[in-house]
Amino acid sequence: MKSDVLSMENISTVTIDYRQYLSTTEVAAIEHEVSIMETREAAGIEALKIIQEHRGWVSDDSLYAIADLLNMPEAELEGVATFYNLIYRQAVGQFVIHLCDSVACHLTGYEEIYQTIKSYLGIDYGQTTIDGKFTFLTNVCLGGCDKAPSMMVGKQHYQSLTPENVVEILADLAKQESEND
Amino acid sequence: MTELLKRPLTQLVNLESPLSLSQYISEGGYQGASKALHEYSPKQVLDLVSNSGLKGRGGAGFPTGMKWGCVPMFADNDDKAPEFKYLVANADEMEPGTFKDRYLLEGVPHQLVESMIIGSYTMAANRGYIFLRGEYHLAAKRLQQAIDEAYQHNWLGKNIQGTQFSFDLYVHTSAGRYICGEETALINALEGRRAIPRAKPPFPQMSGLFGKPTVVNNVETLSNLPHILKHGAAWFKALSPDSDSGTKIYAACGRVKTPGLWELPMGTTIREILYQHAGGMADGLKLRGLLPGGASTDFLLPEHLDTPMDFDSIAKAGSRLGTGGLIVLDDKSCPVAMVLNLIKFFAQESCGWCTPCRDGTPWAVEVLTRIENGRGRKEDLDSLHNLCDFMWLGKTHCALAPGAVEPLKSALRYFLDDFEQHIDHGCCSYKQSTNQQTKLKGHCHG
C-alpha cells in the first residue's frame with residue numbers, strides 16, 4: 001500500500017446538519033429525552049430508538065444527524081448503535097420477527113418453530129423477504145418461559161407457539177398493511 | 001395470617017387490567033409510602049429495612065440495607081440530602097428462564113412506583129429511573145401510565161403529599177443487551193454508552209450515574225418495601241421463619257406439566273416447587289437435572305430436590321439461588337445441547353471488554369458444537385475444563401463469564417457420560433430418539 005493512500009484527501013468525512021434531516025417531531029422527542037438526563041449524549045440510545053420508530057431503521061445519515069443534534073462524535077454513537085441488539089443498522093422489513101432462541105424455548109420446541117418460519121418465509125436469520133414484509137432475527141430470552149416457545153413481532157409477543165399457529169400468525173400479518181392494523 | 005399477608009408481592013397482580021391509582025389505594029396501596037414519608041426519618045426506614053433481613057432478589061443476594069447503608073449520607077446520620085443522588089430499578093430482566101419481574105411490572109406497576117418513592121426517600125434520591133428491557137413493551141406502557149397517574153396525584157414530583165420530599169421518576173427502555181443487568185454496565189447504558197461494566201471500586205453508592213451516588217435494586221427487591229413499611233420487620237421475617245426473610249417469586253420452565261411462577265415463602269424446597277406447583281414432569285419424562293436460578297447457575301440433580309430454595313442452602317448444594325427460576329432438564333433432552341444453547345447465549349451477550357470472556361465463551365461454543373455434532377475429540381473435554389478455569393472468578397472483568405462457566409462446569413461433572421458418549425459414538429443419541437435429524441450411526445439409540 002502506498003503511503004499517500006492515507007493522506008487527508010482520501011478520507012471522506014460526512015457530517016449532516018440535523019436541522020436539514022430530522023423532522024421537528026423527531027427533534028422534539030429527542031430533546032425531551034435530553035431534558036431528563038445530565039448530558040446530551042446520554043440520550044443517544046433513546047434517540048436511536050426514536051429515529052428507528054419513525055423510519056424503521058437507523059441509516060448512516062440518520063446516525064450522523066443524531067450525532068450532530070447530540071453534539072457527540074459519530075464514531076462514538078456508531079459504537080453505541082452497534083452494541084445494542086434492538087437497534088437496526090440495516091433496512092428491515094415491515095415486520096421484524098424476533099424468535100427467542102434461549103434455553104426454555106430450546107427445551108420446548110424452538111428448533112421446529114425455527115424450521116417452520118424459515119421454510120414458510122424462505123429466509124434465514126438476518127434476511128428480509130423479497131416483498132419487504134418480514135425480517136427474521138433471533139432474540140435472547142423474551143421472558144415468556146412459562147409459555148414457550150415464544151417470539152416477538154414488532155411490539156407484539158406471541159407465546160405457546162406451534163408449527164401450525166406460527167404459520168397462521170405470519171399469514172395474518174402478511175395481510176396487514178401496517179403494524180398498527 | 002391472611003392470604004394478602006402471605007403473598008404480599010403478587011396479591012394485587014392483575015395481568016389483564018392492572019389496578020389504577022385509586023383502585024391500588026383502595027386495596028391498601030401507597031400506605032407504605034405514606035407511612036415512610038409522614039412517620040419515619042430516612043434513617044429509620046433504613047434501619048427497618050436492615051432489620052427485616054431483605055436480600056437482593058436479582059441474583060446476588062446482597063443485603064439491601066447494607067447496600068443502601070453505603071450511600072454517603074448515612075455515615076454521619078445526616079437525614080438531609082447532601083447532593084444529587086439516583087435510585088435505579090433494575091428491570092432489565094434478561095436472565096434466560098426468568099420472567100418474574102415482568103409479572104410484577106405488567107401486573108401491578110403502582111407497587112414499583114410506590115417502592116421507588118420509599119427507596120428514594122430513604123437515600124434522599126432526587127431522581128429515579130426504571131431501567132426496563134426493550135422487549136417489555138406492555139410493561140413500558142403500563143409503568144408510564146402509573147407514573148403519569150402518580151404525578152397527577154402528587155405521589156411524584158415536588159413536595160410529595162405535602163412533605164419536604166421531592167422525587168422525579170422516569171422509565172428508560174433499554175436497546176437490549178444482557179450485560180445491562182450488571183449494575184455498573186446498566187449505569188453506563190443509562191449514560192448513553194456501550195454497556196461495559198465498570199471497575200469497582202468506586203462502588204455506585206459512592207460514584208454511580210453521572211458520577212453521583214446511585215443505588216441499583218432489582219424490581220422484586222424493591223417491591224418488598226411497601227409491605228415491610230406497612231407490616232414491619234418481624235412480620236417480614238416470619239414469612240419464612242426457617243430461612244432468609246420474606247417471600248420469593250419462584251418459577252419453573254422446561255418440559256414440566258404446568259410451567260409458571262408462584263410467590264412462596266423463601267426457602268421452599270425444590271421438590272415442592274417442581275412437584276406441587278409445577279405439577280411435576282410432563283408425561284413420559286423423567287427429571288434429569290435443573291438450573292435453580294436462571295442460566296448462570298450450576299446444575300443440581302434429583303438428589304438435591306429437598307434443598308430449600310434460599311441463598312445459603314442452594315450455595316451449600318453447589319449452586320446459586322440466582323433469580324429463583326428453575327430451568328428443568330428432562331431425560332429426553334440432550335444435556336450437551338442444552339449447555340451449548342446456554343453458552344451460545346453468553347458468547348453472544350459478552351460485552352467483549354475482557355479477553356477471557358470475549359475469546360473464551362465463543363471458544364467453548366466451538367468445542368461444544370463439535371461434540372454435539374458428533375465431531376468431538378477426546379481432548380475436547382480437557383479444553384472445556386481449561387476454559388472453565390480461564391473464565392472463572394477473578395480472571396474476568398465482571399461476573400458474566402463465571403456465570404457462563406457454572407452450567408458448563410457442573411454439566412461436565414454431572415453429565416460426563418453424555419459428553420463421552422457423544423465423542424465415542426460420534427453422534428448425539430437424543431437427536432435420533434426425537435427423530436429431529438436424519439439417521440445417525442447405529443451406536444446411538446435413545
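Helices here are DSSP runs of H or I with at least four residues, numbered from the N terminus. One of them is helix α10 of chain B, spanning residues 219–223, and B:Glu220 is found there. Keep in mind that this is a predicted model. Over all chains, the structure holds 32 salt bridges, and this briefing walks through some of them before coming back to B:Glu220.

**Salt bridges in chain A**

- Start with A:Glu26 and A:Arg55, which form a salt bridge whose closest N and O atoms sit 2.8 Å apart.
- That pair ties together distant parts of the chain: A:Glu26 belongs to helix α2 (residues 24–35) and A:Arg55 to helix α3 (residues 44–55), with their positions 29 residues apart.
- Is A:Glu26 buried or exposed? A:Glu26 has 2% relative accessibility, so it counts as buried.
- Its partner A:Arg55 comes out at 32% relative accessibility and therefore counts as partly exposed.
- Helix α3 also supplies A:Glu53, which forms a salt bridge with A:Lys155, the closest N and O atoms being 3.1 Å apart.
- Here too, distant parts of the chain are linked: A:Lys155 lies in the loop between β3 (151–153) and β4 (156–158), 102 residues apart from A:Glu53.
- A:Glu53 is exposed because its relative accessible area, 55%, is over the 50% cut-off.
- A:Lys155, at 43% relative accessibility, counts as partly exposed.

**Salt bridges in chain B**

- Over in chain B, B:Arg193 pairs up with B:Glu191 in a salt bridge, and their closest N and O atoms are 2.9 Å apart.
- B:Arg193 has a relative accessible area of 42%, which means that this residue is partly exposed.
- B:Glu191, on the other hand, counts as buried at 5% relative accessibility.
- There's also a network in this chain: salt bridges that share partners join B:Lys67, B:Glu182, B:Glu183 and B:Lys200.

**A look at B:Glu220**

- Back in helix α10 of chain B, B:Glu220 has 0% relative accessibility, so it counts as buried.
- Which side chain makes a polar contact with the side chain of B:Glu220? That would be the side chain of B:Lys100, at 3.0 Å.
- Leaving aside residues up to four places away in sequence, B:Glu220 touches B:Lys100 along with B:Leu9, B:Arg57, B:Asp101, B:Leu104, B:Thr247, B:Lys248 and B:Ile249.

Technical notes. Residues numbered from 1 in each chain as written. Chains lettered and ligands numbered in written order. Predicted model: local features only at pLDDT ≥ 70, side-chain atom pairs only at ≥ 80, totals over all residues. Heavy atoms only, no water. Salt bridge = Lys/Arg side-chain N within 4 Å of Asp/Glu carboxyl O. Helix = DSSP H or I, 4+ residues; strand = E, 2+ residues; numbered from the N terminus. Buried < 20%, exposed > 50% of the residue type's maximum accessible area, 1.4 Å probe, protein only. Polar contact = N/O pair within 3.5 Å; in protein donor to acceptor, adjacent residues only side chain to side chain. Contact = heavy atoms within 4.5 Å.
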